[in-house]
Amino acid sequence: MHVPHQDGIWINARIAAQGDPDRTLEQAALVVRNGMVAWLGPMILLPAEYADLPRHDVGNRWITPGLIDCHTHLVYGGNRADEFALRLAGASYEEIARRGGGIVSTVNSTRAADEDSLFEQSAQRLQGLLAEGVTAVEIKSGYGLDLATERKMLRVARRLGERYPLSVYTTFLGAHALPPEYKDRADDYIALVCEKMLPTLHAEGLVDAVDVFCEKIGFTIAQSERVFEAANRLGLPVKMHAEQLSNIGGTQLAARYRALSVDHLEYLNEADIVAMKQAGVTAVLLPGAFYFLRETQLPPISLLRRHQIPMAIATDSNPGTSPTTSLLLMLNMACTLFRLTVAEALQGVTTHAAQALGKADRHGTLAPGRSADFAIWSVDSLAELAYRTGGNACHGVVRGGIATSY
C-alpha cells in the first residue's frame with residue numbers, strides 16, 4: 001500500500017523532540033517535506049519559505065517521536081491462555097509440558113498455521129501497538145525452530161511492514177529453544193541454525209539482525225558464540241536475551257561482539273555493565289515479563305544509571321511470558337516496578353529504543369533530515385503517558401508525513 005508523502009506544518013504544538021519531557025518546545029511548529037522533518041522550532045521563528053504549506057493545528061497537544069517497540073515476538077500461532085489458567089490452579093511447568101504446553105505448544109501452533117492465518121493473527125496484535133503511537137517495531141522469529149517455519153514467520157513480519165504504516169525490523173531468533181526433534185542434541189541444532197537456516201534466510205532478504213537466548217535453560221556461551229560468529233560472517237548485527245534467570249556470562253559475550261542490545265538483565269552485574277559501556281551496548285528492560293512471571297530480582301537500575309547505559313523499554317510481546325500489546329502499559333510498569341523516572345521511561349521507547357535497533361539515525365528523535373514519524377497526545381503533561389494504566393491518550397499518528405488512524 002503506497003500513499004504519496006505530504007508536505008505540511010503541524011502548528012500550535014508542544015514538542016518533546018528527543019522524547020525527553022525535560023527538554024521541550026512550547027508554541028512550536030514542525031515542518032514536513034517529502035516525508036522528512038524539514039524544520040522544527042518556535043512558531044514565531046517559522047522560516048518564510050514554509051509559510052504557504054498546508055497547516056495542521058494540533059490545539060496545543062504534545063508531539064513526541066513515534067514510539068518504538070524494540071523487542072517483540074509478535075508473530076506466532078495460537079495462545080497459551082489455558083496454560084496460564086493451569087498454572088494459577090497449581091499445575092507445575094513440568095505438568096504443563098507433559099500436556100504439550102510451554103513453548104512446544106506455540107511451536108506446534110505456529111508450524112501448523114499457514115502464512116495467511118499467521119499474518120491475520122499477528123496483524124491483530126500489531127494494531128494494538130499502532131493505536132498507541134508506535135511507528136517502528138522489531139519482530140523476532142523463534143517459534144518455528146525449523147527452516148520452513150522460521151521463513152514463514154519472517155515473511156509475515158515483512159508483510160506486516162508492507163501492509164501497515166510502520167517500520168518493521170526482523171530479527172532471526174532460531175536459537176530460541178531446542179525443538180523436540182533435537183532433544184539432547186543442542187550442538188547439532190546450533191549447527192543447523194548457523195550453517196543452513198541463517199545463511200538461507202539472510203540470502204532471501206528476511207533478516208535484519210540475529211538474536212540468541214543465552215541462559216541455563218536456553219543455549220550455552222559456546223553455542224551462543226557460534227551463532228554470533230555466523231552472524232558476523234554475514235555482516236549482521238547481533239543482540240541477546242541474557243541474564244533474565246541467572247548470570248552465565250552472556251552479557252560479556254555480547255559486549256565482545258558489540259551487540260546492539262542485551263535484553264532482560266535482571267541478573268546483570270557491574271562488570272557486565274562496564275563491558276556494555278565500553279562496547280556501546282544498549283540495555284533493553286522488559287517489565288511485562290518481569291510482572292507476568294512474578295519475578296523478584298530487579299534489574300540493577302542504579303548501576304545502569306551510574307554507568308550511563310541507555311535503557312530501552314519494550315513489550316516483549318509473546319504468548320508465554322508477556323502477552324501484551326500495550327507499550328504504554330510498559331511505561332507504567334517500568335516506572336512502578338523498576339523505579340524509572342518518567343524521562344527515562346519516555347526516552348526508553350524513543351531515543352534509546354532506536355539505539356537498541358541500531359536505527360538512531362532514522363528513528364527516535366525529531367530533527368531535520370529524520371523521518372517524519374511522530375505521535376500526537378491529548379494530555380496536559382507527558383507524565384500522563386507513564387501515569388495511566390488504562391485508556392489511550394494518542395490523538396493521532398503521523399508516519400513519513402502521512403496521518404494514520406487505528
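Trainee: How many cavities of 30 Å³ or more does a search of the whole structure find?

Mentor: Just one cavity of that size turns up. Keep in mind that this is a predicted model. The largest cavity holds about 40 Å³ of space.

Trainee: What makes that a cavity, and what makes the other space, the largest pocket, a pocket?

Mentor: It's down to the probe: in a cavity a 1.4 Å probe fits but cannot get out, whereas a pocket is an open set of points. The largest pocket has about 1200 Å³ of space.

Trainee: Which residues line the largest cavity?

Mentor: P65, G66, T135, R362, H363, G364, T365, L366, S371 and D373 do. By class, that lining has two nonpolar, six polar and two charged residues.

Trainee: Why do the glycines G66 and G364 go with the polar residues?

Mentor: Because Gly is counted among the polar residues here. Both G66 and G364 are in the cavity lining, so they belong to its six polar residues.

Trainee: And what lines the largest pocket?

Mentor: The pocket has 35 lining residues, with R80, I103, A177, F213 and I217 nearest its centre. They split into 16 nonpolar, eleven polar and eight charged. Helices α1 (81-88), α2 (93-98) and α3 (103-112) each supply at least two of the lining residues, and α2 gives the largest share, three residues.

Trainee: On to the helices. Why is α4 called oblique to α5?

Mentor: Their axes cross at roughly 55° and come within 9 Å. Roughly parallel needs an angle under 35 degrees, and roughly perpendicular starts at 65, so 55° falls among the rest, which count as oblique. The crossing of α4 and α5 is right-handed.

Trainee: How do you know that α4 and α5 are in contact?

Mentor: Contact takes heavy atoms within 4.5 Å. By that test, E115, D116, L118, F119, S122, A123 and L126 in α4 meet K152, M153, R155, V156, R159, L160 and R163 in α5. Sorted by class, the contact has seven nonpolar, one polar and six charged residues.

Trainee: What makes α5 roughly parallel to α6 (residues 186-203)?

Mentor: Again, look at the angle: α5 and α6 pack at about 30°, with axes 10 Å apart. That is under 35 degrees, so the pair counts as roughly parallel. This crossing is right-handed too.

Trainee: Which residues meet in the contact of α5 with α6?

Mentor: L147, E150, R151 and L154 in α5 meet K196, M197, T200 and L201 in α6. Those divide into four nonpolar, one polar and three charged.

Conventions
Residues numbered from 1 in each chain as written. Predicted model: local features only at pLDDT ≥ 70, side-chain atom pairs only at ≥ 80, totals over all residues. Heavy atoms only, no water. 1 Å grid on protein atoms, 1.4 Å probe; cavity = no way out; pocket = protein on both sides within 12 Å on 5 of 7 lines; lining within 4 Å. Points joined across faces, edges and corners; volume = space filled by probe spheres on them. Axes fitted to C-alpha atoms, helices over the stretch in contact; angles between N-to-C directions. Helix = DSSP H or I, 4+ residues; strand = E, 2+ residues; numbered from the N terminus. Parallel < 35°, antiparallel > 145°, perpendicular 65-115°, else oblique. Left-handed = near helix turned anticlockwise from the far one by under 90°.
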